[in-house]
Structures are given as C-alpha cells and as structure tokens.
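Work through the exercises below with the sequence and the 3D structure in view. Try each task before reading its solution.

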Amino acid sequence: MNLSYLDPKIDLVFKRVFSRASLLKDFLNAVLPLDAPIKSLTYLPTEQAPEVPGMRFSIVDVKCHDQSGQVFVVEMQMLWTDAYFSRILFSGAQAIVNQLSSGEAYQSLCPVYSVTVLNDVFEKDPGEKDRWLHHYKITKLADHDKVLQGLQFVILELPKFTPKTRVEKQVTALWLRFLRDTGKPGFVPDEAFLSYPPVANAVKLTEFRGYSAVEIESYQKYLDALRNEKSTLLDAETQGRARGMKEGIRKGRKQEKLAHARNLLALLDDEAIAQAIGLTLPAIRKLRQGA
C-alpha cells in the first residue's frame, strides 16, 4: 500500500472526498455533458439498490440534486459485469420515482443523471478503445435528435483515459487523472494537481496521515475483499471460456463427421456410414432426407 496517499476509488476515501459538495460540484461540471453548469448541490439519502450478484464490495455511491432540482446519482464502480447495466437502470428509475410523494403531479419531476465512474472496461470494441465517456439518452429510433427528457446515463471508463490521445479540458483531465492515479505506488501530485485548488484539496483528503488506524484497517480489508471479488469473477470468466472452447471443439468435430457422412451417402448404406463415421442412425437418415 502507498504510504503517502490512499486510492480515492475505494469506498472510505471516495466518500470522504465527494462528501464535500464543492468538490463533487467541480467534478461533475468537469466531466458531464451538461446544458448548464451546476451552481450548488444538496445531498440526498442514498437508497439501497439490490446488490449485483458477486459484486458486494465494488460499488460506492452518493446522491444529490442541484439548484434547479436535477438529481445526480454518482457511483464508483470498481469491477464490471453485464448485470451492472440492470443496476444502473434500477438506480436511475428509483431516483425518478422517489421524487414524487402521494398525490403530486408528474410535472414536478426533475431530470436525473446516472453517473458511473468505472475502474474497468465494459466496451471492448476495438473502435471504442479511446472512447472513455459513454453518454446515453432516451431517443426516438427514427430521429435521434428527438430526446425524451428526464433520464440520462453517463459511464466514464478510467482505464481508457489518456490525455495524450485527445484534447481534453484541463480540469476534466485533472479530475480523471486524480481518480486514476492517486494512491498508485510512487504517486506524487504534480504541479498541475497542486495549482488547481479543488483537485489539490481532493488530493489532501487522500493523505494517509489523515486517517485513523481503524480507518486504515477498514481500507485494507476493503482492498482484500475487492481482490477476492475480482479473483472470483476472473475464475468464473476463465471457466466460462474453457466451457465455451470445449463446446466449440465438440461442435467442430460433429460438423466434420457430418461432412464425411455426406460424402459417403451415395456409396454406402446408413448402417455402414454410421459404423464408419461414428454417428447415430437417426443422424444419418436425417442427412439422407436432406440430400
């Protein structure tokens, strides 16, 4: 573990940094495709969304609304599975539903941004290798310029963020570098970090010396649990690939047998082909009927 700075992506540290409304406001203004900048934020209680199976320790979230009532559900996601898409939908929909008390009009609903900071890669298409920001809206299929207002999703893939590959706003780059790099072995905040007060304050909140022995122990336990969770997911993925390879080999061998059997249909009877190739009589008869 780095003896100077802790990783801001970890539960304890993420919440300490982004429980400061001024820092969360600056971060959201830097990374989100907003129609107007956020001027103030008020925190809301976070609901307990159902856990994604096998991902107990990888999700951290904060919830707030701005001066116009727009709601922001901000989650730090360490690992990714396809099931996480369902959680995003649930959390966004929940943020809309919970705005209304009994008897209130639907017109009082405010827009919701579901924001996921992801320390993993979910979009593996080679054409997306440099695209770290993914912005989803509800649009009309026949005309994507027509947007159903009310719910938007933004996913930021930290591993893909490299300032050298594209021109970014300086503040955007600073915040993403802060999340990506702080806490890594040998990390030392450079002049760019220290010269921008919000990021400099965020870095200060990650300093090892600012945490008690109990908090450091909790931090280490969280890291251990996260490593175990990642290992479990990797093992499951490896086993799935192995099963897929075995199934592919089995299907390939069967296709080879069928091809050989087709070549023998005009030369041998069904019993002889079945014995020679190792296929069942029903399979040979089916081939002959289709020949």
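**Exercise 1. Place Val117 in the fold and describe its surroundings.**

Step 1. Val117 lies in strand β4, which covers residues 112-118. Helices (H or I, at least four residues) and strands (E, at least two) are DSSP runs, numbered from the N terminus. The model is predicted: local features need pLDDT of at least 70, side-chain atom pairs count only at pLDDT 80 or more, and totals for chains, interfaces and linings use all residues. Residues are numbered from 1 along each chain as its sequence is written, and side-chain values use heavy atoms, with hydrogens and water left out.

Step 2. Is Val117 buried or exposed? Its relative accessibility is 0%, so Val117 counts as buried. Buried means under 20% relative accessible area, exposed over 50%, and partly exposed in between (1.4 Å probe, protein chains only).

Step 3. Contact means heavy atoms within 4.5 Å. Setting aside neighbours within four places in sequence, Val117 is in contact with Phe27, Glu75, Met76, Gln77, Leu156, Leu158 and Leu179.

Step 4. From C-alpha to C-alpha, Val117 and Leu133 are 9.6 Å apart in space, and they are 16 residues apart in sequence.

**Exercise 2. Find which residues have the most contacts inside the largest nonpolar core, then follow Phe72.**

Step 1. A nonpolar core is a set of buried Ala, Val, Leu, Ile, Met, Phe, Trp, Tyr and Cys residues joined through side-chain atoms within 4.5 Å.

Step 2. The largest such core has 50 residues, and the most contacts inside it belong to Leu24, Phe27, Leu28, Leu32, Phe72, Trp175 and Phe178.

Step 3. A second, separate core of twelve residues includes Val73, Tyr84, Ile88 and Phe153.

Step 4. Beyond its neighbours within four places in sequence, Phe72 is in contact with ten residues' worth of partners listed here: Leu28, Leu32, Leu34, Ile38, Leu41, Val62, Lys63, Cys64, Asp66 and Tyr113.

Step 5. Val62, one of these partners, is found in strand β2 (residues 59-66). With a relative accessible area of 9%, Val62 is buried. The C-alpha atoms of Val62 and Ser19 are separated by 7.8 Å, although the two are 43 residues apart along the chain.

**Exercise 3. Describe how helices α4 and α6 pack.**

Step 1. Helix α4 (residues 170-181) and helix α6 (residues 197-204) have axes 10 Å apart and pack at an angle of about 10 degrees. Axes are lines fitted to C-alpha atoms, for helices over the stretch in contact, and angles run from 0 to 180 degrees between N-to-C directions.

Step 2. That angle makes α4 roughly parallel to α6 (under 35 degrees counts as roughly parallel, over 145 as roughly antiparallel, 65 to 115 as roughly perpendicular and the rest as oblique).

Step 3. Leu174, Trp175 and Phe178 of α4 meet Pro198, Val199, Ala202 and Val203 of α6.

Step 4. Thr172 is also found in α4. At 4% relative accessibility, Thr172 counts as buried. Its contacts, leaving aside neighbours within four places in sequence, are Ala30, Val31 and Trp132.

**Exercise 4. Locate Trp80 and decide whether it is buried or exposed.**

Step 1. Trp80 sits in the loop between β3 (71-77) and α3 (83-97).

Step 2. The relative accessibility of Trp80 is 11%, so Trp80 counts as buried.

Step 3. Trp80 and Asn119 are 39 residues apart along the chain, and their C-alpha atoms are separated by 8.4 Å.

**Exercise 5. Summarise the chain.**

Step 1. The chain has nine helices and six strands.

Step 2. Of its 291 residues, 40% count as buried.
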